[in-house]
Amino acid sequence: MASLLRKNIWLIFILVLFLSFYFFVPSLYFSQDDFFHLKVSNPSEPRSNLFSLFYFRSYKETGIYFYRPIFREFLFNIYSKFFGLNPLPFRITQLFIHLINIVLTYILVVKISKDKIVGIIASLFFAISAANVGVLSYLAGGIQASGMTMFALLTLILFWKFLESGRLKYSIFSFFFYLLSLASHELAMTLPFIMMSLLILKKGFEVKNRVSKLLPFFIASLILLLVEVFFISLPIGEKQYGFSFSPARILNSYVWYFVWSLGMPEMLLDFIGPGIKFNPNLMKFWGDYFKIIFPLFIFISLLLLISLKNLFKQKLFWFFVFWFVVSIAPVVFLPLHRSTYYLALSLPALSGIIGLSFSYFYKWSKSLSYFFIISAVALSFVTILLSQKTYWAITRTRIAKRIILDIRKEYPQIPKGAIIYIKNDPSYLKFSEEWGGTSKQASVILSGSDALQLIYHDPTLKVFYEDLAIPRGVGVLPFTAKMSH
């Protein structure tokens, strides 16, 4: 079987790509942060050159945190100019980056494991993992994290080639792609630590003559960190970005990210706690899906535990563990801001562990190895099907499109500086006070006034929401926001 897999590696890889495409047909519209990024990218503003999009700008100047110009300012600016408000090019790019990451995951795992089977299984798991739902459905943040992962994987591959050959050009190219990853998402700042462990994996602990090669990477990370803190500023005052240094909460965050990376739905977080208390309302949302998801998850977890007896002895396993822990470390201190899209950089590491586990079971029991990977694929498949119905980033794109179409139908033309008043649907049953009525939900989905200002090409247009404020003025255009028809 192993020789058959090796002989047909490209056919298998095409199958992996097909499964990935089939599993992740992304939502084909915008919602919330997407509209905000389209607006702040300001495609109508004349630029002296494209490089100006990469300048450091403070939060006071732009209204946005973090330095992510490649897949935020640059991408949204360029695509808006060429494609307007057509979401399809954005979504195609999003999926294309994911396909590239599948290939890069395979290349990296094969290079460091010297085993094509481990690489195939790792890339298969990475391709169809349900943890990608957040990355591929949440456009604004997901494409930044996925793009950063693409450059990060290239950085690691080239750095490994440098360690193998000693040729300086690979180190230079590695640093170039590292700078691109830093300009995509700040989670890339963890990459030098992963590279350090990669260096130890290749050369052992006697690495004094090699450590200096990582100094530029650490310096670049430190510079970006200082810029983020002292110039751009961090969203410390926002509740969702509240830090917690409690060991219990940090461990809890790691557990959740690990559980999600294996294929559990992100929304499970909303139905567990405080502590380990289980909310039975979950069954109303999941239906019969929970009868499949929980047994599969338990089965996969047990097999992983069994394989640890062998994996504990492998340096490569500990490299993947370290990679996973370090790459997610910056966000485990944010208990109110957890999301599966933060797993973008750590998922290749978990995929490597899955590949090593499969290899172990294959030598011990071929049947069990097949059950293991089939169960992992099945868990992700069922979770993805459930997410298509329940995941917030997917459902909100559908609602955003529906609301905008309804508003355009009711008001095909509106005067400049008009006031639109979005009211609650009285027939809608509130789930909680925090969610509010349909107007409050619409305010999040449409990003305040951003979506309608873009749709009507009028930056002076004002949008009020019944749950948030009552408009004052003349010529108010009322509209009732319906979440479903």
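1. Let me start with a pairing that caught my eye: the side chain of Glu 266 is in polar contact with the side chain of Tyr 391, at 2.9 Å. Please keep in mind throughout that this is a predicted model. Glu 266 sits in the loop that runs between α14 (247-262) and α15 (282-286). Leaving aside residues up to four places away in sequence, Glu 266 touches Trp 260, Arg 338, Ser 339, Thr 340, Tyr 391 and Trp 392.

2. What is the nearest side chain of opposite charge to Glu 266? That side chain is Arg 396, 9.6 Å away, and Glu 266 has no salt bridge even though this residue is buried. A salt bridge here needs a side-chain nitrogen of Lys or Arg within 4 Å of a carboxyl oxygen of Asp or Glu, so a distance of 9.6 Å does not qualify. I would read this together with the contact to Tyr 391, which the Glu 266 side chain does make.

3. Now for the overall picture. The chain has 22 helices and 3 strands. Of its 485 residues, 55% are buried. Taking contacts between residues at least 6 apart in sequence, 78% join residues at least 24 apart. The accessible surface of the chain is about 22,600 Å², and carbon and sulfur atoms account for 68% of that.

4. On to the charged pairs. Side chains of opposite charge can pair when their charged atoms come close. The count of salt bridges comes to 6. One of them joins Glu 186 to Arg 68, with the closest N and O atoms 2.5 Å apart. Glu 186 belongs to the loop between α10 (168-182) and α11 (191-203), while Arg 68 belongs to the loop between α4 (59-62) and α5, so this pair ties together parts that are 118 residues apart in sequence. Both Glu 186 and Arg 68 are buried.

5. A salt bridge also forms between the side chains of Glu 164 and Lys 114, at 2.9 Å from N to O. Here distant parts of the chain are linked, 50 residues apart: Glu 164 is in helix α9 (residues 139-165), and Lys 114 is in the loop between α6 and α7 (116-128). Glu 164 is partly exposed, with 37% relative accessible area. Lys 114, at 58%, is exposed.

6. Lys 114 deserves a second look for its backbone. Its phi is near 60°, a positive value in a residue other than glycine. Ser 447 is worth checking alongside: Ser 447 has a positive phi too, of about 55°, and is not a glycine. Ser 447 is located in the loop between α21 and α22 (450-455). Is Ser 447 buried or exposed? Its relative accessibility is 17%, so Ser 447 counts as buried, the limit being under 20%.

7. Towards the end of the numbering, the side chains of Lys 482 and Asp 425 meet in a salt bridge, with 3.8 Å from N to O. Lys 482 is in the segment after β3 (476-480) and Asp 425 in the loop between β1 (419-423) and α21 (438-445), so the pair links distant parts of the chain, 57 residues apart. Lys 482 counts as partly exposed at 33% relative accessibility, whereas Asp 425 counts as buried at 10%.

8. Asn 86 is a nice detail in the loop between α5 (70-83) and α6 (88-113). A polar atom of the Asn 86 side chain lies 3.0 Å from the backbone nitrogen of Leu 88. The C-alpha atoms of Asn 86 and Leu 28 are separated by 8.9 Å, although these residues are 58 residues apart along the chain. Asn 86 counts as partly exposed, at 34% relative accessibility.

9. Last, the surface. Which residues make the nonpolar surface patch of about 490 Å²? They are Leu 222, Leu 225, Leu 226, Val 229 and Phe 230. Leu 222 lies in helix α13 (residues 215-232). With a relative accessible area of 48%, Leu 222 is partly exposed. Patch residues need over 30% relative accessible area, so Leu 222 meets that condition.

Key
Residues are numbered from 1 along each chain as its sequence is written. This is a predicted model: local features need pLDDT of at least 70, side-chain atom pairs count only at pLDDT 80 or more; totals for chains, interfaces and linings use all residues. Side-chain values use heavy atoms; hydrogens and water are left out. Helices (H or I, at least four residues) and strands (E, at least two) are DSSP runs, numbered from the N terminus. Buried means under 20% relative accessible area, exposed over 50%, partly exposed in between (1.4 Å probe, protein chains only). Contact means heavy atoms within 4.5 Å. Accessible areas come from the Shrake-Rupley method with a 1.4 Å probe; for residues, only the protein chains shown count as cover. Lys and Arg count as positive and Asp and Glu as negative; His and the chain ends are not counted. A polar contact is a pair of N or O atoms within 3.5 Å; within protein, one must be able to donate a hydrogen and the other to accept it, and residues adjacent in sequence count only if both atoms are side-chain atoms. Patches are made of residues with over 30% relative accessible area and no salt bridge: like charges are joined within 9 Å, nonpolar side chains (Val, Leu, Ile, Met, Phe, Trp, Tyr) within 5 Å.
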